[in-house]
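Here is a short tour for the bench, going from one small sheet to a loop residue, a helix and the place where two chains meet. Keep the structure open beside you as you read.

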Amino acid sequence: MRTKLLTLLLLVSVLVTGCATATTQAPAASSIPPTPETIVITSAPQTIVKTVISEVMVTPTPLPNPEAVIQGVEPNAVIKFWTFWLSPTFDQYIKDTIARFNQAYPGVTVNWEDHQATFQDDLKASFAAGNAPDAINLSVSEGWVSDYASQGLLLPLDDKVPQNVKDLYFPGLWNEQLIDGVNYQFPWYQGINVYLINHQIYDQTGLTIDDFPKNWTDLPALCATIKEKTGTLCDIRLTVNDLISQMVYEGNVKPISDDGKSFTFDSADAVAWLQQYVDMVKAGTVDKTVLVTDQDRVGLDLFTSGKAAFYATGPNLIREVRANNPGLYGYLGVVPAPVGKSGVIGKGLMSISINAQTKFPNASIALAQFFTNPKSMLEFSKIVSIYPSTPDSYTDLFFSAAPVAIEDSAKPFAMDAISKYADIVPTIPHKADVNAIVLKHVQDALFNNVPAQQAFTDAVTEANKLLP
Amino acid sequence: MTKKFSLTPYLFLIPALVVIAVFVVYPIFAVLYYSFTDYSIVTPPVWVGLKNYTWLIHDTIFWRSLAHSFVYLLVTPILIVLSVLLAIVVNRKLPGIHLYRALFFIPVISGSIAVGIAWRLMLDTNGIINAILLSVGILKEPMQWLAEPALTLPFCMALTIWLGVGYYMMIFLAGLQNIPEELYDAAMLDGCNSWQKHRFVTIPGLRPQITFVAVISSLAALQVFNEVFTLTGGLGGLLQSAYTVVFYLWQQAFRLSHAGKASAIAMVLLAITLAFSIFNIRLLEKGTEAD
């Protein structure tokens, strides 16, 4: 009997305690203002209520979520968000971030889809069908933002995003890929341009990692040495979908006249840029199939298979090497990418843009901004070697800590490097067509013995026909 | 006596006609319309009249692609000869013959993309082909096989043949098993040797299958895409060396967003394949009548 009574008392006390706890932690459903007897200490996203004088419990009103920086988000908005090649590795991160977004902007439903090799085809088909996603992860480096924006498919952001929000990003990243002076993208995760070194091959040359070229013009000599000492070919890839950009960064080429009425990539700078590749092809020091493939994976796969001395990529793709060839991982080295004649070390990698036809522009902007805000970027950086587009993220200890893993090698200089990223390529009309023309004539020079000057003269003549 | 009209057969045809109308007839007319427009897929089409066809006439890459597609037709006679030979070989009652038939059929069910990637790896600079040729001393240094413009298209054709031979072999095998044994007995009594039996019994007996294979394999050859795409990594070969009409169509539509131009290419291809099929069938039917 005594035991039963004790058990009953214990049960009642547990129930009472549980109810009290539930009352204290309940989210603010009503708008009862805090009484003078109650002090509310807010440390978003958690709210702590501390009772000072009376025993009266009042449901607190939380302060605005500091991550909810976009006003006028449409109530009950349902938005579709497409990412590029992030699933399944980052499923948890994406889901967690969407959950945090839902706390910041309650009532918005986000339907996330990840698209991979067919991303571009899927996206074009969805625009054609009128059911394109509201928020879209687009590559800046591949020129996707400018492609879609120039066709009027993306929402201009400059007048829709408050200045204090724009100021969260590195100015060079916010202002890159402008179309007629207007920005269409939230800068998302960035890569540091590095070269991965395979010490198993590279060390056979007798060179040290410090001897790796600092300038792009020194690569041919290195490739000749590698071919001579190791018999392997250089794993170098032209950005065949955007050769114009590559010649601007590497060769400091001016691609179009100031008035935009004629192309100028037949200059001495352009010819010198092309001649460097022609010389490497003639010397037989580069893998020709990798050189002109439009798929970065082809070059990465060659490196990952352990058959190339180096490859230009980002530290984020070291995970591919580790996953697919763990034996090579222990032989990896990382060096900063050689700088081209332009002196600009790189441009942005990924962004999130908004569909111009979205029914929920503010909710979509809010989502794009949320995924690219300093906190989300920092969390993302902690799980993969990408770098935030927001200076505030770098104040975290995570970035000041000494690198341990090879993937973290770029952490100490990442902020400095990314702050200098800039898009120095002017707006190119009919960019895809011009790049296709350039590719055709560049191939003539590389593989068909057409002199570099002749190839570019022909290309400019053909490209000029596209201009009004 | 007048025959009474019956609606019943037409009702049975409706499901098939609906499917054909939606997935064949409508797309053909839609593509015909788009071929007269400037259409980037993502923005509405704008009528431009014959501009795309004029562009096509003057486009050197289109003519090169068309020439490559006609060269690709060489796979048809090679496929027929190889698959008839294979069918004759496996049309024997030998122990384990089913295993051989299955082995020859494996490439068909493997999928062209997977096989294309496997071939690409084999032909890679560090692939098994180079390894073998280097080990036996035929090569002194590895070749970049797929970076040789003269070899890219032949490699694609070889892949098509390798992929298709098992399928066509099965068709011919079915045909062989329908040829009455008595015909071979009669030929033997007439003093025919082995070659003559095939020349005068097997080949005429397989003529319906040969007609069928000639038509479908040549149409497939004119529409080849997967092999070119996978072997060249989406590039179409250095110097457009493996561009075919469909590859060029795909590039215009999905790489350059010129769906109008791509539609014009599609209409030209439709006309060619239609004419080719009619010619092919007539020619082979003529041969059948002559027999």
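In this predicted model, A:Tyr195 stands opposite A:Val335, a residue of strand E9(A). Behind that pair lies a longer match: strand E7 (residues 194–198) of chain A and E9(A) pair in the antiparallel sense over five bridges. As general background, strands of a sheet pair through backbone hydrogen bonds, either parallel or antiparallel.

The sheet itself is open and has three strands, in the order E8-E7-E9 of chain A, with antiparallel pairing. Why is one side of E8(A) and of E9(A) left without a neighbour in the sheet? Both strands stand at the edges and each has a single partner strand, so one side of each has no neighbour there. From one strand to the next, the twist averages 25°. Helix H12 (residues 296–304) of chain A packs on this sheet, where it touches E7 and E8 of chain A. The direction of H12(A) makes about 140° with that of E8(A).

Next, a loop residue. A:Phe360 sits in the loop between strand E10 (350–354) and helix H15 (361–371) of chain A. Is A:Phe360 buried or exposed? It is buried, because 23 other C-beta atoms lie within 10 Å, and 20 or more count as buried. Leaving aside neighbours within four places in sequence, A:Phe360 is in contact with A:Glu74, A:Ala77, A:Ile79 and A:Asp134. A:Ile256 is 104 residues from A:Phe360 along the chain, and their C-alpha atoms are separated by 38 Å.

Now to a helix that is mostly covered: in helix H9 (residues 243–251) of chain A, nine of its nine residues are buried. Among them are A:Leu243, A:Met247 and A:Tyr249, as well as the charged A:Glu250. The buried residues of H9(A) pack against helix H10 (268–283) and H19 of chain A. After H9(A) comes A:Asn252, whose phi is positive, near 55°.

Helix H19 of chain A turns up again where the chains meet. There, 22 residues of chain A are in contact with 18 residues of chain B. Helices H3, H11 and H19 of chain A each supply at least two residues of the side that touches chain B, and H19(A) gives the most, with five residues. Here is that side of chain A by class:

| Class | Residues on the side of chain A that touches chain B |
|---|---|
| Nonpolar | nine residues |
| Polar | six residues |
| Charged | seven residues |

Note on methods. Residues numbered from 1 in each chain as written. Chains lettered and ligands numbered in written order. Predicted model: local features only at pLDDT ≥ 70, side-chain atom pairs only at ≥ 80, totals over all residues. Contact = placed C-beta atoms within 7 Å. Helix = DSSP H or I, 4+ residues; strand = E, 2+ residues; numbered from the N terminus. Pairing = 2+ DSSP bridges. Axes fitted to C-alpha atoms, helices over the stretch in contact; angles between N-to-C directions. Buried ≥ 20, exposed ≤ 12 C-beta atoms within 10 Å, placed from the backbone.
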